[in-house]
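Student: I am new to this structure and would love a close look at one part of it. Could you walk me through the aromatic rings?

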Amino acid sequence: MEYTTDVLVIGGGGAACRAALAAADAGARVLLASKRPPAKAGATSYPVAEMAGYNAGDPAVCGDVEKHYSDILEAGQGMADPQLAAILAARAPQTIRRLEAWGVPFEKEDDGYYVFKSCFSNSPRTHVIRGHGEPIIRAMMRQIALRSQITILDDAVILGLLQNGDGCCGAWGYRTDGTRLTICAGAVVLATGGGSQIFEKNLNPADVTGDGYRMAFEAGAELVNMEFMQIGIGFSHPVTNIFNGYIWEGKPILRNACGQEFLPAALPEGITGAEVMHEHRRHFPFSTSDNAKYLEIAIQREISEGRGTKNGGVLADLRHMEDAWVAALPDDCGIHHMWPIARQHMLEKGADLLKSPVEICCFAHAVNGGVRIDQNAGSTVPGLYAAGETAGGPHGADRLGGNMMVTCQVFGKIAGTNAAKWAGIHRPQTESTAMYPDDRLWEILHRKADTQGLIHELQSVNQHHLLISRNEAGLMQVLGTVERIGRQLAESPRQDAINMEAFRLYCLITASRLMGEAALRRQESRGAHYREDYPIVNPKLDRPMFSDQSI
């Protein structure tokens, strides 16, 4: 089956939908190709949080937008692209007005927006959308339905990009019924999300497997900052949900499966558990930038050394956090407003936080790096654009809480608009003029292997050696496992039928290699990247690292 379109958008989350709308509004015919229906695809609407944080400065307050920009750079620690950070901060306020016009409800307080000081921020600017990103997706789907020039393929697994002498000119893949799919396009936008499915514990849906990173890399595009990702503590049993930073101000009691309070023994002399938790109220993700790091390190160690629960977590007791008790706490992190929302959200999901302890563990959340983009959201391959978690540059070693949702909107629009401009000059060509990649993928698709077993093995080694505490020996074990599993897949028996799980494994292998190689090369600890064997910042590495095409 062959399609021809001006702009092909690959993905189904917030960035993909925004890119499709922008490209259509710029006059292009758009094909949105997603593995699942957009309302059910990607991380934007994945139900793992009681709310979505949405960062934007207030243009009516002198210097507020500029403070947003400076906070991005401060959190990025030299790894965020200043030009992209400036674009993000400047355009963020416009996106709130646009989303509200489309029907997205933002939390209000008194006569204005409710905002709080979220992860790594120095000023309160994080707006709140209840229900995580689902209201954003619903609003954009209503807008897509109003634009007849947008066609949706919601059962399309894109395997590779097409290229010719001018650059990227389409993609190929399969529909879920096994039909071969070729899409000729004037320009392509990659918005497939991140790659956190490479980890055993992650806060992403099953369709987020690093496809965009792999496709861009194999097409010759540069990737950047792949060693930096958001890792955070989450509720893991009886429900899965983000354990937002403000909850630490309530000083939950942590115990391992033996009933022992393990945190005090895991801390350096002179640092208390209360101090560490108080520090962690400033941010959800793990970071080496302050003493809050000892929480994730301690939790991961308990689990890795066999003192975790049968579900792979530790116990967090929050039963003392009655509303009146929380209301008496000092509040510079939003706990007064957000704790009742979080508690009710968890209750609706089946966990009463005031009745019994719950289990928590460390989860992979979002990759801070990705396909290197410029101010037009263009990659280093002509005609290929990227947005959302697939793109790298707007974020750095750490990322402000609430910045990913707004990044999807800002750079989704930029990517779609510029892809439409490119397609207006470089008209879509027929399949016969496009250059296919080599036949490796074709062979992978026909391999019969124990894909589930190999995926589990890959996720397990990444969970232990790539998630929190990294060192040379562990990273070499990751890369050795990646090499061996890749070889096992390539050498497994050939079959006539298409095996899409083999392709999923191949994407996870590639994403693991890209992230593992980047982590190995950065011999320091900075932001979310923690090397046990290089525990401090190295000023000589005060610059982003780009993907090595030789790996």
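Is Tyr-113 buried, partly exposed or exposed?

Tutor: Happy to help, and please keep in mind that this is a predicted model. Tyr-113 is partly exposed, since its relative accessible area is 34%, a value that falls between the 20% limit for buried and the 50% limit for exposed. Let's look at its ring partners. A search of the whole structure turns up six aromatic pairs. In one of them, the ring centres of Phe-106 and Tyr-113 are 6.2 Å apart with the planes at 80°, so this pair is edge-to-face; the angle is over the 60 degrees needed for that label. Phe-106 has a relative accessibility of 7% and therefore counts as buried. Ring pairs also bring in Tyr-54, making a cluster of Tyr-54, Phe-106 and Tyr-113.

For another pair, turn to Phe-243 and Trp-248. Their ring centres lie 4.6 Å apart and their planes meet at 40°, so the pair is tilted. Phe-243 is buried, at 1% relative accessible area, and Trp-248 is buried too, with 1% relative accessibility.

One more aromatic residue deserves a visit: Trp-339, which sits in helix α10 (residues 335-349). Trp-339 is buried, with a relative accessible area of 0%. Beyond its neighbours within four places in sequence, Trp-339 is in contact with several residues, among them Tyr-246, Ile-247, Leu-318 and Met-321. With Met-321 there is a further detail: a polar atom of the Trp-339 side chain lies 3.0 Å from the backbone oxygen of Met-321.

Definitions and conventions. Residues numbered from 1 in each chain as written. Predicted model: local features only at pLDDT ≥ 70, side-chain atom pairs only at ≥ 80, totals over all residues. Heavy atoms only, no water. Helix = DSSP H or I, 4+ residues; strand = E, 2+ residues; numbered from the N terminus. Buried < 20%, exposed > 50% of the residue type's maximum accessible area, 1.4 Å probe, protein only. Contact = heavy atoms within 4.5 Å. Polar contact = N/O pair within 3.5 Å; in protein donor to acceptor, adjacent residues only side chain to side chain. Phe/Tyr/Trp six-rings, centres within 6.5 Å; stacked < 30°, edge-to-face > 60°.
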